[in-house]
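Student: I have a structure in front of me and would like to learn how to read its features. Could you walk me through it?

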Amino acid sequence: MTTYNLQCTKRYLISLLSFSTVNLELFSSALGLFIDRRCELIEDIITRLQDETEGVPVRTVKSFLSKIPSVVTGSDIVQWLMKNLNIEDPAEAIHIGSLIAAQGYVFPISDHVLTLKDDGTFYRFQAPYFWPSNCWEPENTDYAIYLCKRTMQNKTRLELADYEAENLARLQRAFARKWEFIFMQAEAQVKIDRKKDKTERKILDSQERAFWDVHRPVPGCVNTTEMDIRKCRRLKNPQRVKKSVYGVVDDTHTQSPVHTPSQQINKDTREDVEKEILFLNTQLDRHCMKMSKVAETLMSYTDQYLEYDPFLSVPDPSNPWIGDDVTFWEQEACKEPCQQRVKKWGFSLDEALKDPVGRDQFLKFLESEFSSENLLFWLAVQDLKCRPLQEVPARAQEIWQEFLAEGAPNAINLDSHSYERTSQNLKDPGRYSFEDAQDHIYKLMKSDSYPRFQRSNAYQDLLLARKKPETDQGRRTSLEKFTRSVGKSLTTKRLTGLMQSS
């Protein structure tokens, strides 16, 4: 009888869809009746499955340290479906069982994926309170209370999965103003649950988790409630439209489908849809950093440049613009940089190239490795950007002949893409014709040559060179003081001896 009802309902739906000009209200009402009828059929099967005499055996299984109450195996459900629904193919019985499980009527106790397996996996029946036929559409506040309640219960089986932890963080940001109320609701429910029997509490926790697995499924699983036709029927009653997570009312449908306004909304064209798809794919590929990571990076950057910021630390030497001390300018013009200046070269390649002395030292290092053409090309392109416009074409050709042409004296190593782009740009040369090639060479120096420069003996000697003279000078000063003090003491003793002898 059950199979016949399913087939009749299916034929009714197919005959309804065969009309091309069917009224939207009639169509949504008919589909709503089909959904209600489908729920009735599934619940009829579930009721027969739980029958004490003709249903599957529900039992308590003993594990190593505890008991698992009120469970059935997947193979028992499959065998029952084949026997009572006159199904010959086990794959068809598994398919029907998976459709029932996807609606949340049966759920695995150790997995969030609502499918039926023909093995010894333990399943549990959902309580009628959580059945979809009750038309209970939970809000995001309910989900926030549930997740918050899970965090309060110190049990391994109730720990949040990764996607649930992300959902909880997102909901906490969305409901920041009323999060205290949500927390109080969750705390009150936890207190009530603790008064229940241990076995009853364990069953209720699993049923509640299965309910949310249906309405907030694991990423990658199909949400069977997302396209529920009952939401389409709500078009006739726009007052029932609820607010979203962010408190914005969705008034895209403020009129009944029958009484539509005269001005229709323009439909999206194919180009608009393609642009939206491209935009969404770009958003998916975008790299997002956590706020904690951003704050940590900012703090490390601030600590690194602390001694170079005159607002946060006293400059040494003092600022020559507000005083008479010109030591700072003398050090900037000196070819023997101080330790603080050399230390700054190790922060990044940009800092080394900004300083003329650092740039010269880096060039000497590249010459020792026979790769100075990379920096020479980079400097030539930087010079091209500052040239007068009338000199740019001639200078661009000179750079091409020196670094990129066949048999160039200082040929650089470019990838094919950058080379082709640069050759195309030189058909109409400008200040930024070598932009792609310069970026490629800069990344090459940053990832390859610059780290070796930091580890080189030349840079390490410059970094420690200013410490040695100061240390030797300090030792000489201490030795002089010691000699003077000894000399004074000897002189005093001699004078005392002469006075006593006289």
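**Reading rings, cores and cavities**

Tutor: Happy to! Keep in mind that this is a predicted model. Let's begin with aromatic rings: the structure holds 18 aromatic pairs.

Student: How is a pair of aromatic rings described?

Tutor: The general idea is to give the distance of the centres and the angle of the planes. Take Tyr308 and Phe347, whose centres are 5.6 Å apart with 90° between the planes, an edge-to-face pair.

Student: Which parts of the chain does that pair tie together?

Tutor: Tyr308 is in the loop between helix H11 (291–304) and helix H12 (327–333), while Phe347 is in the loop between H13 and H14, so the pair ties together parts 39 residues apart in sequence.

Student: Is Phe347 buried or exposed?

Tutor: Phe347 has a relative accessible area of 18%. Buried means under 20%, so Phe347 is buried.

Student: What does a tilted pair look like?

Tutor: Look at Trp400 and Tyr419, which are 5.5 Å centre to centre with 40° between the planes. Trp400 is in helix H17 and Tyr419 in helix H18 (residues 416–425), 19 residues apart, and their pair links distant parts of the chain. With a relative accessibility of 14%, Trp400 counts as buried, whereas Tyr419, at 33%, counts as partly exposed.

Student: Which residues do ring pairs link into a cluster?

Tutor: That cluster consists of Tyr129, Phe130, Tyr143, Tyr146, Phe211 and Trp212. Tyr143 has a charged partner too: the charged end of Arg216 sits over its ring, 5.4 Å from the centre.

Student: And how should I read a nonpolar core?

Tutor: In soluble globular proteins, nonpolar side chains tend to be buried together. Here the largest nonpolar core has 35 residues, and those touching the most other members are Phe362, Leu375, Phe377, Leu404, Phe434 and Met445. Among the elements giving two or more residues to this core are helix H15 (356–368), helix H16 (372–385) and helix H19 (435–455).

Student: What is Phe362 in contact with, leaving aside its neighbours within four places in sequence?

Tutor: The contacts of Phe362 include Leu349, Leu353, Leu375, Met445 and Phe453. Another core, of 22 residues, lies apart from the largest one, and Leu49, Ile87, Val106 and Tyr123 are among its members.

Student: How many cavities of 30 Å³ or more are there?

Tutor: Rolling a probe the size of a water molecule over the atoms shows where empty space is left. A search of the whole structure finds two such cavities. The second largest has a volume of about 40 Å³, and its lining includes Gln103, Phe130, Phe211 and His215. You met Phe130 and Phe211 in the ring cluster as well.

Note on methods:
Residues are numbered from 1 along each chain as its sequence is written. This is a predicted model: local features need pLDDT of at least 70, side-chain atom pairs count only at pLDDT 80 or more; totals for chains, interfaces and linings use all residues. Side-chain values use heavy atoms; hydrogens and water are left out. A nonpolar core is a set of buried Ala, Val, Leu, Ile, Met, Phe, Trp, Tyr and Cys residues joined through side-chain atoms within 4.5 Å. Buried means under 20% relative accessible area, exposed over 50%, partly exposed in between (1.4 Å probe, protein chains only). Helices (H or I, at least four residues) and strands (E, at least two) are DSSP runs, numbered from the N terminus. Contact means heavy atoms within 4.5 Å. Rings of Phe, Tyr and Trp (its six-membered ring) pair if their centres lie within 6.5 Å; planes under 30 degrees apart count as stacked, over 60 as edge-to-face and the rest as tilted. A charge sits over a ring if NZ of Lys or CZ of Arg is within 6 Å of the ring centre and within 35 degrees of the ring normal. On a 1 Å grid over the protein atoms alone, a cavity is a set of points where a 1.4 Å probe fits but cannot get out, and a pocket is an open set with protein on both sides within 12 Å along at least five of seven lines; lining residues have an atom within 4 Å of a point. Grid points are joined across faces, edges and corners, and a volume is the space filled by probe spheres set on the points.
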